[in-house]
Amino acid sequence: MIRNRYAGQDPHSGGGDLPQPPTPRSREEVANGTGMAELHESIARLLASRGQWRQAYHHLRSALDMMSSDKPAVPEQLRSEVELLRKEHAKAREESLRDSLTASYNRRYLDERLADLVTENSMTGEGMAVALIDLDWFKLVNDTYGHLFGDRVLQRVVDLLQEALPDGAFCARYGGEEFVLVLPHILPNSAVQVCEAARQRVEHFPWETMAPGLGVTISIGIAHEQGIGGHVSGEQQLISADALLYAAKRAGRNAVAYRKGAEIRLAGAAGERVTEAGRRAAGY
């Protein structure tokens with residue numbers, strides 16, 4: 001289960017705690033009126049957190065009436081309202097973890113989920129890869145076609161990155177035109193294959209259907225950790241991936257860089273380039 005310290009926060013309130021949805025009650029409890037006052041109070045808190053003060057007051061009054069009554073009323077409308085509020089709350093939680101432009105996960109989700117996966121990997125040793133991705137020469141795309149068009153390119157790239165991801169893997173926007181693929185429970189060679197396939201999908205996409213002369217490529221740095229005998233934080237793994245991304249850029253871009261022992265290598269056809277990537281890495 002994903003542990004998320006933001007799960008109970010209203011994404012529009014600047015981080016304040018948002019009351020949790022009312023706990024589901026059995027049909028017998030509802031029929032007997034058990035806990036109905038508490039249910040009205042829960043609804044009142046949810047509504048108040050959304051600024052719906054009149055409706056919140058209505059439910060709070062109902063709770064007070066029930067606490068002073070031996071036979072509380074159980075309207076069917078109340079149960080429907082509870083279910084609707086629960087769904088809206090779940091939707092708000094999900095939206096707070098998504099990037100508004102690309103619909104990929106955002107930095108908040110990345111930090112939280114990555115911390116969980118690092119801990120899990122340190123215990124199981126199944127292996128986890130973090131790939132940092134950057135669009136090559138993206139400033140030129142924005143300067144040539146405009147920022148709105150650049151946004152469309154970002155959206156398309158994210159779609160291509162998310163194709164055929166392994167179970168449990170996800171894509172998150174790291175910032176600007178940088179994205180992260182997190183690949184849990186994976187061997188190093190498999191991680192390289194996944195990223196190289198993603199690079200090829202972007203390179204071979206018919207970009208000219210979006211604009212004449214347009215071409216888009218990406219560079220990727222992959223940091224893999226086996227997890228046994230050490231505990232590398234998510235931040236440290238991202239730093240390693242960033243260094244490898246830099247190596248891919250220096251090697252001519254449109255490449256996937258990864259570490260093999262003490263060496264940095266390039267995947268696929270890019271591996272034939274004469275670069276520093278095949279030499280012993282000092283400082284990466």
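## A walk through the predicted fold

Of the 284 residues in the protein chain, 43% count as buried. Keep in mind as you look around that this is a predicted model. The secondary structure of the chain amounts to 9 helices and 6 strands. Among the contacts that link residues at least 6 apart in sequence, 63% join residues at least 24 apart. The accessible surface of the chain is about 15600 Å², and carbon and sulfur atoms account for 50% of that area.

### Helices H7 and H8

Two helices make a good starting point, and the table sets them out together.

| Helix | Number of residues | Reach, first to last C-alpha | Expected at 1.5 Å a residue |
|---|---|---|---|
| H7 | 15 residues | 21 Å | 21 Å |
| H8 | 17 residues | 24 Å | 24 Å |

For H7, the reach is close to the expected value, and the reach of H8 is likewise close to its expected value.

Which residues of H7 are buried? They are Phe149, Gly150, Val153, Leu154, Val157, Val158, Leu160 and Leu161. Their cover includes strand E1 (128-135), helix H6 (138-145), strand E2 (170-175), strand E3 (178-184), helix H8 (188-204) and strand E4 (218-225).

In H8, the buried residues are Ala191, Val192, Val194, Cys195, Glu196, Ala198, Arg199 and Val202. Here the cover includes E1, H7, E3, E4 and E5. H8 is thus among the elements covering the buried residues of H7, and H7 is among those covering the buried residues of H8.

Arg201 is a handy place to see the two helices come together. This residue sits in H8, and, leaving aside neighbours within four places in sequence, Arg201 is in contact with Leu160, Leu161 and Glu163. Leu160 and Leu161 belong to the buried set of H7. Arg201 and Glu163 are 38 residues apart along the chain, with 9.0 Å between their C-alpha atoms.

### Two cysteines

Is Cys195 in H8 buried or exposed? Cys195 counts as buried, because its relative accessibility is 0%. Cys171 is buried too, with a relative accessible area of 1%. A search of the whole structure for disulfides finds 0.

### The loop around Asp99

Next, have a look at the loop between helix H4 (76-95) and helix H5 (107-124), where Asp99 lies. Asp99 has a relative accessible area of 14%, so this residue falls under the 20% cut-off and counts as buried. The side chains of Asp99 and Thr102 are joined by a polar contact of 2.7 Å. With neighbours within four places in sequence left aside, Asp99 is in contact with Ser104, Tyr105, Asn106 and Arg173.

### The E5–E6 hairpin

The last stop is a pair of strands. Strand E5 (residues 256-260) pairs with E6 in the antiparallel sense over 4 bridges. Together E5 and E6 form a hairpin with 2 residues between them, and Gly261 in the turn has a positive phi of about 65°. One of the bridges can be followed by name: Tyr258 has Arg265 in E6 as its bridge partner.

How do the side chains of strand E6 (residues 263-266) point? They alternate along the strand. Ile264 and Leu266 point to one face and are buried, whereas Glu263 and Arg265 point to the other face and are not buried. Arg265, the bridge partner of Tyr258, therefore has its side chain on the face of E6 that is not buried under the 20% cut-off.

Definitions and conventions. Residues numbered from 1 in each chain as written. Predicted model: local features only at pLDDT ≥ 70, side-chain atom pairs only at ≥ 80, totals over all residues. Heavy atoms only, no water. Buried < 20%, exposed > 50% of the residue type's maximum accessible area, 1.4 Å probe, protein only. Polar contact = N/O pair within 3.5 Å; in protein donor to acceptor, adjacent residues only side chain to side chain. Contact = heavy atoms within 4.5 Å. Expected span 1.5 Å × (residues − 1). Disulfide = S-S within 2.5 Å. Areas by Shrake-Rupley, 256 points an atom, 1.4 Å probe, with all protein chains shown as cover. Pairing = 2+ DSSP bridges.
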